[in-house]
Amino acid sequence: MVERLREQGVRDEVVLAAMGSIPRHLFVEEALASRAYEDVALPINYGQTISSPWIVGRMSELLRNNGDNLLRKVLEIGTGCGYQTAVLAKIANEVYSIERIGPLLTRTRIRLRELGIRNIYLKHADGMRGLSEAGPFDGIMMTAVIPEIPEILLEQLAMGGRMVFPKGNKQQYLCVIDHTAEGFVETILDEVMFVPILPGIINR
Ligand code: SAH
């Protein structure tokens with residue numbers, strides 16, 4: 001998988017090492033385990049999907065910004081199965097991750113604990129408001145598509161920090177927002193396909 005990611009243009013060796021060290025097959029149902037290393041998004045129940053390895057590599061690389069972003073504290077919105085969370089836990093000191101579907105998060109919590117990943121804090125909530133009590137964050141990653149980033153999330157991005165997320169509706173693009181001394185600077189990148197960000201929480 002790591003070799004293919006290199007061929008697909010993921011360059012950051014820190015990200016590649018992190019992805020190579022996490023057993024991705026443990027994040028999908030057993031019936032799909034044999035496909036876990038293919039470059040596809042796979043279903044993880046509740047109508048959600050685990051992002052493809054290329055997406056995880058690309059977004060993680062963008063968040064690190066070639067190592068320029070030290071990633072002391074990272075916020076992830078849309079924990080899902082927790083694979084991206086586990087990768088973030090390897091490349092950041094502290095990871096906060098929010099998921100709106102309770103039962104999905106319960107499974108992920110157990111999985112990440114079993115893997116011995118400790119520098120994460122998982123929260124069952126609507127992530128659209130972020131987690132201001134834990135911010136500001138050096139990196140914010142959203143793994144569900146949104147038409148426009150709410151002001152309240154931008155306020156939680158530290159100076160010098162970076163946010164990576166899919167932007168749009170039907171047509172979606174990876175988008176980066178940098179918090180610079182001159183303000184928030186947005187860059188539009190690759191065309192992608194994500195499930196939408198949804199309001200509210202699901203308990204069971
Ligand atoms: N990174 C995850 C991606 C899962 S898909 C993985 O690879 O498994 C996107 C996730 O975002 C879903 O789990 C979905 O339930 C979650 N999500 C959607 N809207 C949300 C919201 N408002 N707050 C928190 N999580 C949300």
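These are my notebook entries on the ligand site and one helix of a predicted model.

**Basis.** I worked with a predicted model in which local features need pLDDT of at least 70 and side-chain atom pairs count only at pLDDT 80 or more, while totals for chains, interfaces and linings use all residues. Residues are numbered from 1 along each chain as its sequence is written, and side-chain values use heavy atoms, with hydrogens and water left out.

**Shell.** I looked up the residues around the ligand (a heavy atom within 4 Å of it) and found 25, of which Ser51, Glu99, Asp126, Gly127 and Leu198 come nearest. By class I noted 12 nonpolar, nine polar and four charged residues in this shell, with Gly counted as polar and Tyr, Cys and Pro among the nonpolar. Strands β2 (49-50) and β4 (94-99) each supply at least two of the shell residues, a strand being a DSSP E run of at least two residues and a helix an H or I run of at least four.

**Polar contacts.** I then listed pairs of N or O atoms within 3.5 Å. A backbone N or O atom of Leu198 lies 2.7 Å from a ligand nitrogen, a polar backbone atom of Ser51 is 3.0 Å from a ligand oxygen, and one of Arg100 is 3.4 Å from a ligand nitrogen. The protein buries 99% of the 580 Å² that the ligand exposes when taken alone (Shrake-Rupley method, 1.4 Å probe).

**Helix α4.** I checked residues 83-91 and found eight of the nine buried, meaning under 20% relative accessible area with a 1.4 Å probe and protein chains only; among them are Tyr83, Gln84, Leu88 and Ile91.

Terms used
A polar contact is a pair of N or O atoms within 3.5 Å; within protein, one must be able to donate a hydrogen and the other to accept it, and residues adjacent in sequence count only if both atoms are side-chain atoms. Buried means under 20% relative accessible area, exposed over 50%, partly exposed in between (1.4 Å probe, protein chains only).
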